[in-house]
Amino acid sequence: AKFLFPLYISFLIFLPILYVLSIVSVDNVYAIINKRQKFTLKITIYSLYAAMNILIGILIKFKASSNPNVYNQSNSQSKNKKTKVIPSNTFTRTKISEKNIKTEIDYIPLIGNIATITGFILCGIINLWYLKLSEAFIVFLAPILLLLNRDKYLFPKLSQDNRYFPIILSISLFLGSYALIKLFYPFIGYFLGYRYFVGFAFQRWNLINTFFDVISILLTVPNHYRFNQFIWNFKTQNQTYWLLITPLNIFALFSRVMAIKFLAVLSIIFGILQY
């Protein structure tokens, strides 16, 4: 089990290597290659890699679900064995077995979580940048995060009670981040060095509209924050707060950015669900 984590890290590093080698090999075979062929090659590599990561996440989730009390069982077994007088050979084998169990508990859920997050990000890249789908795809893609498990390093406080928290949080963060990128992409492109593209982008950029959209995003933040907090701990919240803040999100529905409209719709839905 101790070799699984380095092996999976090697698997992660394999993606950029495979990507570069495939592009170089295709360019060497064909002096003039169709852009459509390159596009097909890229999306095939990303899709295959995303599918493999999600498959790893599913297998590890299934393993964790079949042994939900593995932590308690290993702890109770170690306590019971300390109270007994056992031969030295048996003690040595028991100690090795406990070490293997501890290693598996530490690394197997971690590998599953990294695989799930990697597959989730790759699916997002495929849908947004290659298939050019709407921002609404995140609502259908986020349930992949149900494959996350509680581990020692990334998600030590994740449990069955708050298993929907990563889904809601990822939707809120993605839509908010994507909306900000859409608003300030001329400046982002300028700092990244795309000066030719930025010249056209600045011609369409409007300070008043951007200010309106930023205010719209800020109006949706309170409801998203409070609802994520509720999903995490399920503590009852003051309904007066929701009654006062939720109507303000109607203002954000008139934004020109689709991601902000989705944020506003979700924010209103979150407020309605609290009643």
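## A buried aspartate and its partner

Asp-213 is buried, and its relative accessible area is 0%. In this predicted model, Asp-213 makes a salt bridge with Arg-256, and the closest N and O atoms of the two are 2.9 Å apart. The pair ties together distant parts of the chain, 43 residues apart: Asp-213 sits in helix H8 (residues 207–233), while Arg-256 lies in the loop between helix H9 (239–245) and helix H10 (258–273).

The two partners don't have equal cover. Arg-256 has 47% relative accessibility and counts as partly exposed, because that class runs between the 20% and 50% cut-offs. How many salt bridges does the count come to? Just 1, by the rule used here.

## Helix H8, kink included

Now for the helix that carries Asp-213. H8 has 27 residues, and from its first C-alpha to its last it reaches 40 Å, close to the expected 39 Å. Where in H8 does the kink lie? Look at Val-221, shortly before the proline Pro-222: the kink there is about 30 degrees. Just after the helix ends comes Phe-234, with a positive phi near 55 degrees.

Plenty of H8 is tucked away from the surface: its buried residues include Thr-210, Ser-216, Ile-217, Thr-220, Asn-223, Arg-226 and Phe-230. His-224 is in H8 too. Is His-224 buried or exposed? It is buried, because its relative accessible area is 6% and buried means under 20%. Leaving aside neighbours within four places in sequence, His-224 is in contact with Ser-172, Leu-263, Leu-266, Ser-267 and Phe-270.

## Helix H10 at the other side of the loop

H10 has 16 residues and reaches 23 Å from first C-alpha to last, close to the 22 Å expected. Its buried residues are Ala-259, Ile-260, Leu-263, Ala-264, Leu-266, Ser-267, Ile-268, Phe-270 and Gly-271. To picture how such a list can come about, remember that an α-helix has 3.6 residues a turn, so residues three or four places apart point the same way.

Ile-260 is worth finding on the structure. Apart from neighbours within four places in sequence, Ile-260 is in contact with Ala-179, Leu-183, Asp-213, Ser-216, Ile-217, Ala-252 and Ser-255. So the list of contacts for Ile-260 includes Asp-213, the salt-bridge residue, as defined by heavy atoms within 4.5 Å.

## The nonpolar core

Ile-260 turns up again here: the largest nonpolar core has 50 residues, and those with the most contacts inside it are Ile-171, Leu-175, Phe-227 and Ile-260. Which helices supply at least two residues each? They are helix H1 (4–29), H2, helix H4 (88–130), helix H5 (137–141), helix H6 (165–192), H8, H9 and H10. H4 gives the most, with 11 residues.

## Tyr-46, over in H2

Tyr-46 has its place in helix H2 (residues 35–66). With a relative accessible area of 16%, Tyr-46 is buried. Tyr-46 and Gly-119 are 73 residues apart in sequence, yet their C-alpha atoms are 9.2 Å apart in space.

## Stepping back to the whole chain

Zoom out and you'll see helices: the protein chain has 10 of them and 0 strands. Of its 275 residues, 37% are buried. Among contacts between residues at least 6 apart in sequence, 74% join residues at least 24 apart.

The outside can be summed up too. The chain's accessible surface is about 17,500 Å², and 69% of that belongs to carbon and sulfur atoms.

Key:
Residues numbered from 1 in each chain as written. Predicted model: local features only at pLDDT ≥ 70, side-chain atom pairs only at ≥ 80, totals over all residues. Heavy atoms only, no water. Helix = DSSP H or I, 4+ residues; strand = E, 2+ residues; numbered from the N terminus. Buried < 20%, exposed > 50% of the residue type's maximum accessible area, 1.4 Å probe, protein only. Areas by Shrake-Rupley, 256 points an atom, 1.4 Å probe, with all protein chains shown as cover. Salt bridge = Lys/Arg side-chain N within 4 Å of Asp/Glu carboxyl O. Expected span 1.5 Å × (residues − 1). Core = buried A, V, L, I, M, F, W, Y, C linked by side-chain atoms within 4.5 Å. Bend = angle between axes of the 7 residues up to and from the residue.
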